[in-house]
Amino acid sequence: MMKIGILGGGLCGVALAYFLQNNDRVESIEILEKESEPGGLCRSFQSNGICYDIGPHVIFSRDDEILDVMTGLLGENKKKLRRVNKIYHKGSFIKYPFENELSALPDADRDYCLNTFLNNPYEKEPADNLLTYFLKTFGEGITGIYLKPYNEKIWKFDPARMDTQMAGRIPKPPPEDIIKSAAGIPTEGNLPQLYFYYPRQGGINALIKSFIDRFNRKVRIFTGSNVAALKKTGDQWRIETEHHAVRNYDVVISTIPVPLLAGLYQEDMPDEVRTSVNGLKYNSLIITVINVRKDNLGDNFAVMVPDENIVFHRLSKLNFLGDNYCKDDKSTTLLAEITFSKNSAMDQMNVSEAEEKIIAGLEAARFIDTRDHINFLKTRRFEYAYVICDLDHQRNMKVVKNYFSGQGVRLCGRFGEFEYLNMDAVIRRAKNLSEEIEIKI
């Protein structure tokens, strides 16, 4: 009988426990979570009676099995919504994805995008980085006007120095759709993302709670348990928390960020592995919830903002999600998101300075008429938010995964595997790993 320790109680950690708990050869599963509550990036918060996520998470997937898991767990606490997202460009709202409404662009921009898509000199060139993939797939116009500036803004990194792992998320539209788009004939583009599910109440953390509510007696979660040391003695793993609690396991699975795992691992780590760990890149995130008396976003859910002069890259309207996500019918709740890298100017800003930049951006884009319409706002920061897949990322992670696999530590999840994974992909990885463990033990 196996005792399993899971480092990290985010979506991956709780999904792993959920899938592993019915394995007859598992005696116990303990989740060690450093925060005061589980959930990780899928936590939800309350401010002035309004529930909000760490950036609005939506539930959709091409993986029907995993989509059924998520919607089944939520049961009646879910609603299906049609995604209505826009891109803010030169004072106008353009339908998302950008290539779906080229007719809404100024004439010169529309013609530039259409002509460089249909007559694309990059089409037969190799795509060995994210920027060349954009040029090859969409042409110079769509790339230069939207894709390049938006990706530079969200990643805080040059797309020419990023690999193409993200490319699968961005399908190439057929020429007939681009021609229709430029002529003002509606197109929908990426249909699997057109509709999504969202909890009726409780925010995305309702999904975390739904997993936990179905735990059996084998599973325990220890919050406030920040792991300080990890060491293998014989066939047993010994884990010590910062409060000097000691726990022993037969199997350890890490869902915590790889740099944190490497920092607590007490074996002699080869220099090559340390170098690869230190080479991993990520962005942090600021979210600010803003309740206003009046907004100018219309009936849209989220607006992408490539404009480099506006600090946030996305602004979401939480009223779109239902009555439980707004204070009352006389106000609107917005959520602004800002990515930043360590030691950047944004990293050095205090909360007041960041909020002032957000308010200035809201006014400059006319998303609100005046700052006097703001009822309240609340800002939170999160260190690990987005994995950056630079040109060395796959090589670095191959070294890291091979090392920890050889040591007997399994890695899983967005930051456990240091891979940009959506919620459905995280749950899929957790399910697959739970089945691999079932076979091996």
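Student: What is the strand order in the open sheet of 5 strands?

Tutor: In this predicted model, the order reads β9-β2-β1-β13-β19, and the pairing is parallel. From one strand to the next, the twist averages 20°.

Student: What makes β9 and β19 the edge strands?

Tutor: Each of them, β9 (219-222) and β19 (409-411), pairs on one side only.

Student: How do you know that β1 and β2 pair?

Tutor: Pairing takes at least two bridges between the strands. Strand β1 (residues 2-7) and strand β2 (residues 26-32) are joined by 6 bridges, so they count as a pair, and they run parallel. For a concrete spot, look at Lys3: its bridge partner in β2 is Ser28.

Student: Which strands does helix α1 touch?

Tutor: Helix α1 (residues 11-20) packs on the sheet and touches β1, β2, β9 and β13 (251-254). Its direction makes about 170° with that of β2.

Student: Why is the set with Phe98 and Trp155 called a nonpolar core?

Tutor: The name fits because such a core is a set of buried residues of listed types, Phe and Trp included, joined through side-chain atoms within 4.5 Å. The largest one has 50 residues, and Phe98, Leu102, Ile142, Trp155, Phe196 and Leu321 touch the most other members.

Student: Which element gives the most to this core?

Tutor: That's α4, with 11 residues. Other elements supplying at least two residues each include α3 (107-118) and β18 (374-388).

Student: What other core lies apart from it?

Tutor: One of 38 residues, among them Cys42, Ala206, Phe215 and Ile427.

Technical notes
Residues are numbered from 1 along each chain as its sequence is written. This is a predicted model: local features need pLDDT of at least 70, side-chain atom pairs count only at pLDDT 80 or more; totals for chains, interfaces and linings use all residues. Side-chain values use heavy atoms; hydrogens and water are left out. Helices (H or I, at least four residues) and strands (E, at least two) are DSSP runs, numbered from the N terminus. Axes are lines fitted to C-alpha atoms, for helices over the stretch in contact, and angles run from 0 to 180 degrees between N-to-C directions. Contact means heavy atoms within 4.5 Å. Buried means under 20% relative accessible area, exposed over 50%, partly exposed in between (1.4 Å probe, protein chains only).
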